[in-house]
Amino acid sequence: MDRDYLQDALHTFNGGNWYGWKKEDDNGNKIPNDQRMTYANIEVIKEGATIPSEADVNAKIQELKDAEQTAINKKASGKQKLLDLGLTEEEVTALIGA
Amino acid sequence: MAYIGSKPADKPVVASDLDPTIITGQTALATAPADTDEFLISDAGTLKRIDYSYIKTASAVVDLFRLSANATGDQNPISSNWERADTDGAGVIGTGMTESSGVFSFPSTGIWRIEFIGYFYYNGDNRGIASEIITTTDGSSFDRASSSGVFIQQTSSNNTYSGGYCTFIMDVTSTSTHKVKFRAGATSVVVVGATGDNTTHAVFTRLGDT
C-alpha cells in the first residue's frame, strides 16, 4: 500500500484538516480521477487556512521520506549491532521482527 | 325490448369479444396510481379486483458518499469533504441523499439500510479506532446507533492500515427529523479519504416503505 505523501504533508500545515480537492476545473470541466489529488487541485475548506507554496509542500514531502528512510536505516543498523553482539538471526527476528 | 345495433350474443364475454379501445379509449392516468386504485386480476381463474397497494414495489434508492480527503484525529462527526462517488462508473438510483456539514438527510421516508466503512492508517499503535453511525429521529438529539472498533499495531515501522464496518437499518418516518452522521478515527490516526476511489465511505439503500 503506497503512502500518500502529499496528503501527509498537507496535514502538517494549517493545523491539519484544512483542504479538499477540486472536482471541476475553472471552466466547469470534470477533472479526471487520477489528476484530482494533486497540488494544482487543492482547495481550502477551513476558515483562515492558506495554501502553502508548492516548494514548501515538496520540502515537507521530502522531510517525511527522509524520516521514513532514517527509521529504516536505524532499524537495520540496530539489527546489525545485535548480530555483532553474537545474537543469531532467529534471535534478532524474535526480538524486533522481520 | 329493442336494441340499437347488434343484439348481444347470449353467451359469456370472452377475450375475442374485447376490443383494445376498451383500454386505449380511456383517459390516461398520468401519475402513479393511488394505493386504493384497483386492478382486475384472475385469481386462479376467478376474476377479482385488487388494490394497487398490494402490488406496487417500493421505490428503490441507492446512493454512496465518500470522504474525499484525509482527515487526522477523531472525526466526530466527519463534517467536511463528503462527496458523491462519481468515478469508475459510479451510479445512483433515484433521488439521492443530501449532505450538509456532515449531516445526511433522506430524500424519502422508508426503511433504509445505512452502511459505513472507515478506513484508517497510523504510524504507531492505537488500541481503539471507531467507526460509528449516529442518528437522530427528532432532528437535534443524535445518538450512536451502530459502531465497530479496530486497532492498529504498527508493522515494519511504518504506516499501518485498518478498516471498520458498521451498519444500521433505520425506519425513516420523516425526512425532516430523521438524519444521520458518521464518526471515525482516533487521536492522531488518519481517516483515509480520496476523490478518485472509495476509501472511507457510506452507502444508503432504501429497502422498502416505512
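This passage describes the interface between two chains and three local backbone features. The model is predicted.

Chain A and chain B meet through 19 residues of chain A and 25 residues of chain B. About 1700 Å² is buried between the two chains. Carbon and sulfur atoms supply 41% of that area.

Charged pairing occurs across this interface. Four salt bridges are counted between chain A and chain B. One salt bridge joins the side chains of Arg36(A) and Asp86(B), with an N to O distance of 2.9 Å. Polar contacts were also counted. The rule finds 15 residue pairs in polar contact between chain A and chain B, both residues of each pair being at pLDDT 80 or more.

On the side of chain A that touches chain B, four elements give two or more residues: helix 1, strand 1, helix 2 (33-36) and helix 3 (54-84). Strand 1 of chain A gives the largest share, three residues. By residue class, this side of chain A holds nine charged, five polar and five nonpolar residues.

Backbone geometry was examined next. In chain B, the peptide bond from Asn76(B) to Pro77(B) is cis. Its omega lies near 0°. Pro77(B) sits in a loop of chain B, after strand 4 (71-72) and before strand 5 (82-84).

Positive phi values occur at two residues other than glycine, Asn17(A) and Ser101(B). For Asn17(A), phi is near 50°. The residue belongs to the loop of chain A that links helix 1 (5-10) to strand 1 (19-21). Strand 1 is also the element with the largest share of the side of chain A that touches chain B. Asn17(A) has a relative accessible area of 28%. Asn17(A) is therefore classed as partly exposed, since this value falls between the 20% and 50% limits.

For Ser101(B), phi is about 50°. Ser101(B) lies in the loop between strand 6 (98-100) and strand 7 (103-105) of chain B. Its relative accessible area is 53%. Ser101(B) therefore counts as exposed, because the class begins over 50%.

In summary, the contact between the chains includes four salt bridges and 15 residue pairs in polar contact. The three backbone features are each placed in a loop: Pro77(B) with its cis bond, Asn17(A) with positive phi, and Ser101(B) with positive phi.

Conventions: Residues numbered from 1 in each chain as written. Chains lettered and ligands numbered in written order. Predicted model: local features only at pLDDT ≥ 70, side-chain atom pairs only at ≥ 80, totals over all residues. Heavy atoms only, no water. Buried < 20%, exposed > 50% of the residue type's maximum accessible area, 1.4 Å probe, protein only. Contact = heavy atoms within 4.5 Å. Buried area = accessible area lost by both parts, 1.4 Å probe. Polar contact = N/O pair within 3.5 Å; in protein donor to acceptor, adjacent residues only side chain to side chain. Nonpolar A, V, L, I, M, F, W, Y, C, P; charged D, E, K, R; others polar.
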